[in-house]
Amino acid sequence: MQRTASGTLVIWAVIGAVVALLLDVLLESQGFSLPGLPWFAIIGMLILAAVLLVLGWPIKKWNDGDRTKEIDPLQAARVAVMAKASALTGAGLAGWYMGNAAYYFLSAPGIRNDLAAGMLFAMIAAAALMIVGLIVEGFCALPPQDPPGAEAA
């Protein structure tokens, strides 16, 4: 599995922002209420980032040479997949919350500032999830192979 490219993350963030803006315009034009403050989402993203970091730390230690505890390869693969999914989801959600915040700031300046500020907090939490996902992806990278003919350690 290859590491997540920064261009892919940018594409996910732009898609999230555009979808949020279009959905906000559509909802408001149809008389529906706009999304509210996502406090549970903020807490959930931060908890997910912490759990991912805790799951990835033993893999980092193993890759750094501390092999006192065995690592289950299937569990390591699952953590790598979770890290990649977190990076992509964090990028998409950061774009989503950024799009919502932009719409709230621009559509009714001064009136929806509290909602926009909440969306910015959510964007920061989503960006933190993305960054932790990228870091744990690095934890799960396989160490380089020894060149042919090298002595075993």
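## A four-helix chain at a glance

About 9,400 Å² of the chain is exposed, with 71% of that area supplied by carbon and sulfur atoms (Shrake-Rupley method, 1.4 Å probe). Do keep in mind that this is a predicted model, in which local features need pLDDT of at least 70, side-chain atom pairs count only at pLDDT 80 or more, and totals for chains, interfaces and linings use all residues. Residues are numbered from 1 along each chain as its sequence is written, and side-chain values use heavy atoms, leaving out hydrogens and water.

The secondary structure amounts to four helices and zero strands (DSSP runs: H or I of at least four residues for helices, E of at least two for strands). The chain's radius of gyration, 20 Å, is well over the 15 Å that the globule rule gives for 153 residues, so the chain is more spread out than a compact globule. That radius is taken over C-alpha atoms, and the rule is 2.2 Å times the number of residues to the power 0.38.

Here are the helices that each supply at least two residues of the largest nonpolar core:

| Helix | Residues |
|---|---|
| α2 | 39-63 |
| α3 | 73-107 |
| α4 | 113-139 |

A nonpolar core joins buried Ala, Val, Leu, Ile, Met, Phe, Trp, Tyr and Cys residues through side-chain atoms within 4.5 Å; buried means under 20% relative accessible area (1.4 Å probe, protein chains only). This core has 26 residues, and V79 and Y97 are among those touching the most other members. Beyond its neighbours within four places in sequence, V79 is in contact (heavy atoms within 4.5 Å) with L52, L55, G56, I59, V136 and C140.

Technical notes
Buried < 20%, exposed > 50% of the residue type's maximum accessible area, 1.4 Å probe, protein only.
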